[in-house]
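Here are a few notes to go with your first look through this structure. Have it open beside you as you read.

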Amino acid sequence: MRSTSEGGRAYEDRFLGMIQLLLSFTTSTLYKQILDTVRREKSFKMAASDSDDSLYPIAVLIDELRNEDVQLRLNSIKKLSTIALALGVERTRSELIPFLTDTIYDEDEVLLALAEQLGNFTPLVGGQEHVHCLLPPLESLATVEETVVRDKAVESLRKIAGDHSSADLEAHFVPLVKRLAQGDWFTSRTSACGLFSVPYPRVSSTVKAELRTNFRNLCGDDTPMVRRAAAGKMGEFAKVLELEYLKSDLIPLWTNLASDEQDSVRLLAVEACVSIASILPPEDLETLVMPTLKNAAEDKSWRVRYMVADKFTELQMAVGPEITKKELVPAFQGLLKDCEAEVRAAAANKVKEFCENLPEDIREATIMTSILPCVKDLVSDANQHVKSALASVIMGLSPILGKDNTVEHLLPLFLLMLKDECAEVRLNIISNLDCVNQVIGIHQLSQSLLPAIVELAEDTKWRVRLAIIEYMPLLAGQLGVEFFDEKLNSLCMSWLVDHVYAIREAATNNLKKLVEKFGAEWAQSTILPKVVGMAQDPNYLHRMTTLFCINVLADVCGNETTMKVLLPVVVKLAADAVPNVRFNVAKTIQKIGSQFDATTINNQCKPCLEKLQSDQDYDVKYYAQEAMSVLCDAA
């Protein structure tokens, strides 16, 4: 009879042989036989108590690579590194990678996971010297129909390209790029477009010429999807190209793509323009780039014009101040007046940034004569998305134009937008008031905009009211306590009884911030009497708001005020008819109890909680017991 150790060794030998078979054969008949062997070995493993367990999980993972259940195959793919570590670098290269290459016919999510895993496999195949063995499966994945799989395969190829030596790039990686670029299916050609920029800086001049030729062919491909991919990667390729070839080879290709019959190709050519313009010397920009860019800004397709508007400030930085003065200001005016709302909205969103980046010597004059008239028209635009985009940036013009221009030209526009029928427009203006305040001061702001702000505090849209509340502490600190008490105090208290919970909650936190600014004495004379008075309100929601206020005000009002003024209100509410109020009493005592001395806890807090512990409502009893436990632990 064999010894236990002999049984373990035999088990190990059998599993090694089984894994070898599984990786070596892919025909369906043999594979079924191997799966049967695996499943029999699972039973054998359960019986061999002292056998080596280390290979069993690996066998299960390999088994699952061919399982009919997609999720099991996916799980196994995600653990490929574990299989590779167990097999070692030699067997991973000679068996696992060929096995994976031969089995790339699966669900898209499995292929996506495989493409991602292979990008991290360099150490698992033996490092830089052997990394090229990962190319075949990734090449196959780069040709599949599903776009996300191809994109992930290209991403992994780009990643492992950095692990190749220059010699291996020329011997293995560049031939892969050529095969993809010359493939029969458009899928391989689109994938190739994303790979040219990676090997180009590290290969010989002869190979560089071949890469440029292949990229030129892709830019003129019959299939729009390939031309679109080439246009999308052109800016990236331009950054690694020598300047002479950029001018002689790439710019003519870019010009052709920018006038392509497909607008989806033309709009991606606009994106490439940013990279090309940032590389070219200024003297070449006007002749090589600007004619094409101006055509794009007036393109018949609104999608192309939208892309120009969206990338406008990047283009502005790329072409520099002189061309901006001469060419881009008129183009920007045209986009702000575009017939399509989407284009106007994209341009409006860039107003502040465009104005900030204008040359200082012409900035104010250009804004006042060229930009501001367009902005005035957009304030009353028929499309709410255009007005909303403008409202999010228009306040930023104040620091650029200064106090006088703001008061004379911008404040009327702000007032119009504060009264706009679209809530989002009003919200965006309110959210950026501090930009104007820094320029014109709180006195001017309160005179011109405060009436409109007070009106918005009662806006029918609760999000607008919420924005006003969040701005209130800043406004209060700038106005001062006297002005605040006169104009805004009653407003802040009215929010405490708003019908929307989010408003009541924000109003409660607002009170805490106001007390932090104006002090505990101000709170005692101004805020607390009104908060305490709410405890008698017939509406139980308002009585609960009293408790919420006490929770947050206790921290800033001090121990003495909390004990003498706020605690008696809490204790009194313990007898409230509404269970929700009573269990919030328990939560409040738990929250503020740490501020009291032992006498107060024993004489006021604990008797109140003991009474609540015998309440008929389950929730009230639960929170009372929890609060009592916390107070006892603290004591």
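The points below cover two residues of one helix and then a pair of packed helices.

1. A word before we start: what you're looking at is a predicted model, so please read everything below with that in mind.

2. Let's begin with Val375, which sits in helix H23, a helix that covers residues 363–379. Is Val375 buried or exposed? Its relative accessibility is 0%, so Val375 counts as buried, the cut-off for that being under 20%.

3. What does Val375 touch, once neighbours within four places in sequence are set aside? Its contacts are Val351, Leu390, Ile394 and Leu413. You can also look from Val375 across to Leu410: the two are 35 residues apart in sequence, and their C-alpha atoms are 9.9 Å apart in space.

4. Thr366 is also worth a click, and it too lies in helix H23. With a relative accessible area of 10%, Thr366 is buried. Leaving out neighbours within four places in sequence, Thr366 is in contact with Val329, Leu358 and Ile371.

5. Now move to helix H5 (residues 80–87) and helix H6 (residues 89–102). Their axes come within 9 Å and cross at roughly 145°. The crossing of H5 past H6 is right-handed.

6. Which residues meet where H5 and H6 pack? From H5 come Leu80, Ile83, Ala84 and Leu87, and they meet Arg91, Thr92, Leu96 and Leu100 of H6. Sorted by type, the residues of this contact are 6 nonpolar, 1 polar and 1 charged.

Key
Residues numbered from 1 in each chain as written. Predicted model: local features only at pLDDT ≥ 70, side-chain atom pairs only at ≥ 80, totals over all residues. Heavy atoms only, no water. Helix = DSSP H or I, 4+ residues; strand = E, 2+ residues; numbered from the N terminus. Buried < 20%, exposed > 50% of the residue type's maximum accessible area, 1.4 Å probe, protein only. Contact = heavy atoms within 4.5 Å. Axes fitted to C-alpha atoms, helices over the stretch in contact; angles between N-to-C directions. Left-handed = near helix turned anticlockwise from the far one by under 90°. Nonpolar A, V, L, I, M, F, W, Y, C, P; charged D, E, K, R; others polar.
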